[in-house]
Protein chains: 2
Amino acid sequence: MGAQTSAAPEFFSTEPLAADHAGVTELFAVLAYGELSAFYRLAEEAKQAPSLRGRIGVAKMAAAELAHFETLEAALTERGADAEAAMARYQGALDSYHASTDPSTWLESMVKFYVADGLAADFYTEIAGALPAEVSDVVRDVLAETGHSQFVVDEVRSAVAASRSERDRLTLWGRRLLGEAITQAQFVMAQRDELAELVLAATGDLNGIATLFDRMQERHAARMAELGL
Amino acid sequence: MGAQTSAAPEFFSTEPLAADHAGVTELFAVLAYGELSAFYRLAEEAKQAPSLRGRIGVAKMAAAELAHFETLEAALTERGADAEAAMARYQGALDSYHASTDPSTWLESMVKFYVADGLAADFYTEIAGALPAEVSDVVRDVLAETGHSQFVVDEVRSAVAASRSERDRLTLWGRRLLGEAITQAQFVMAQRDELAELVLAATGDLNGIATLFDRMQERHAARMAELGL
């Protein structure tokens, strides 16, 4: 853990992270609402799928998100939290993220799914590293590779290999997704003091958060390359 | 089985149903496309949910449909069928059914889910009864009660208990769903000779089909009563 508490503002707790930290409930809640909204976004965006194969692929991805949601809902209930009330606190921020990054094509949907899923996994996995095993196990479980992303990689790679203009357009789209994700991550953290405190304790200090965002950008670039972008 | 083959038109096979009957592939395919389209319809209709609780409930029902879809897709692949091509044959008929019974309110969606799911289960369960165990097990597995319908019953019962006009409206809606389902079931069967042959062999003869539809109407009435309609 080794939180460099000297650099943290007084506002934040300097105690080591405990499994019953109120921020853990908030972390589970934001993750849970994120999975639920990913489920509905995928189902909505599948309308643009050019084939039955695409609709089947997206439905499976959506169901995998919902299985993660159910894990988190159970974890929230086990902590004695009102799962719906806890999630509702993040509805505005996450819905805004989706509204501001509404894909206009099937390929934009695919890139968004892959890139946003990856960014979320990077962020939450780093936070989970500083949490007690009983908490981090839940987080890692719901962020585990679902095995469906190969479908996305194949769809996007073949499309951008065939079209230079599509590649340029999707490259810009990927950059926009990164920017919006970082903006919204900060907005989400600001929703509840307990969550901000948890993230700060997990990353060490404000510099630690900046370093985390740098690492996320590097991994984002690697993911874009994987898509041929 | 006891197919009363004397009454069947010459067109239809008089042989006992075998697990490798071509109609079994068709049965799995129509069931599979039915589950996939139910998944997407539920996700679409959840937009009308009045609460986060409702959206969570519907997402879980949709994911349960998709789990059934995956069972059928695997069964199709195991039979050496091209799952997507087989399903595509029923896309038109099933999409038409959904288009002709497009709910305009959240309660209409809930009634449709409950009633249509029940009608489909009645129909396929009767057919499955005449099939070899290895086939009927798959059908019964995907039609098994998912445990989510109590959510629907609660939503509808409380709404109709509070409003006489809502009850009258939903009663008419239920009747329309039954009529469309029976029309569409006949249309689906007409898509492929192999499927019509399977259904006829399973029910005995054309009288058997009529009796099946009578039984379905009785069970439909019982389900409507369960909803307070």
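## Two chains and their salt bridges

In this predicted model, the rule finds four salt bridges across the interface of chain A and chain B. One of the salt bridges that join the two chains is formed by B:Lys60 and A:Glu73, whose closest N and O atoms are 2.7 Å apart. Across the same boundary, eight residue pairs are in polar contact, both residues of each pair being at pLDDT 80 or more.

On the side of chain A that touches chain B, at least two residues each come from helix 1 (22–45), helix 2 (52–78) and helix 3 (83–100) of chain A. Helix 2 of chain A gives the largest share of this side, with 13 residues. By residue class, the side of chain A that touches chain B holds 16 nonpolar residues, one polar residue and eight charged residues. The contact as a whole draws 25 residues from chain A and 25 residues from chain B. Between them the two chains bury about 2200 Å², and 67% of that area lies on carbon and sulfur atoms.

The arrangement of the two chains comes next. Chain A is superposed on chain B by a rotation of 180 degrees with 0.0 Å of shift along its axis, and the RMSD is 0.0 Å. This is the relation of a two-fold axis. Within chain A, the C-alpha nearest the axis belongs to A:Ala63 and lies 2.6 Å from it. Of the interface residues of chain A, 100% are also interface residues in chain B, so the copies meet through the same surface.

Helix 2 of chain B, residues 52–78, contains B:Ala74. B:Ala74 has a relative accessibility of 43% and therefore counts as partly exposed, because the partly exposed class runs between 20% and 50%. The C-alpha atom of B:Ala74 is separated by 10.0 Å from that of B:Phe28, a residue 46 residues apart from B:Ala74 along the chain.

Salt bridges are not confined to the interface. Over all chains, the structure holds 32 salt bridges. Side chains of opposite charge can pair when their charged atoms come close. One pair within chain A is A:Lys47 and A:Glu44, with 3.4 Å between the closest N and O atoms. A:Glu44 counts as partly exposed, at 32% relative accessibility.

Another salt bridge in chain A joins the side chains of A:Glu126 and A:Arg215, at 2.5 Å from N to O. A:Glu126 belongs to helix 4 of chain A and A:Arg215 to helix 9 (residues 206–226) of chain A, so this pair ties together parts that are 89 residues apart in sequence. A:Glu126 is partly exposed, with 22% relative accessibility, and A:Arg215 is also partly exposed, with a relative accessible area of 31%.

A:Glu126 and A:Arg215 belong to a network of salt bridges that also links A:Asp122, A:Arg219 and A:Arg223. Of these residues, A:Arg223 is placed in helix 9 of chain A. Its relative accessibility is 11%, so A:Arg223 counts as buried, the limit for that class being under 20%. Leaving aside neighbours within four places in sequence, A:Arg223 is in contact with A:Tyr114, A:Val115, A:Gly118, A:Leu119, A:Asp122 and A:Met216.

In chain B, the side chains of B:Glu26 and B:Arg192 meet in a salt bridge at 3.6 Å from N to O. This pair links distant parts of the chain, 166 residues apart: B:Glu26 is in helix 1 (residues 22–45) of chain B, and B:Arg192 is in the loop between helix 7 (164–189) and helix 8 (193–203) of chain B. The partners fall into separate accessibility classes: B:Glu26 is buried, with a relative accessible area of 3%, whereas B:Arg192 counts as partly exposed at 27% relative accessibility.

The last stop is a loop in chain A. A:Thr101 is placed in the loop between helix 3 and helix 4 (106–128) of chain A. A:Thr101 is buried, with a relative accessible area of 0%. The side chain of A:Thr101 reaches the backbone oxygen of A:Tyr97 at 2.8 Å. With neighbours within four places in sequence left aside, the contacts of A:Thr101 are A:Lys112, A:Trp173, A:Arg176, A:Leu177 and A:Glu180.

Key. Residues numbered from 1 in each chain as written. Chains lettered and ligands numbered in written order. Predicted model: local features only at pLDDT ≥ 70, side-chain atom pairs only at ≥ 80, totals over all residues. Heavy atoms only, no water. Contact = heavy atoms within 4.5 Å. Buried area = accessible area lost by both parts, 1.4 Å probe. Polar contact = N/O pair within 3.5 Å; in protein donor to acceptor, adjacent residues only side chain to side chain. Helix = DSSP H or I, 4+ residues; strand = E, 2+ residues; numbered from the N terminus. Nonpolar A, V, L, I, M, F, W, Y, C, P; charged D, E, K, R; others polar. Least-squares fit on C-alpha atoms with pLDDT ≥ 70 in both. Buried < 20%, exposed > 50% of the residue type's maximum accessible area, 1.4 Å probe, protein only.
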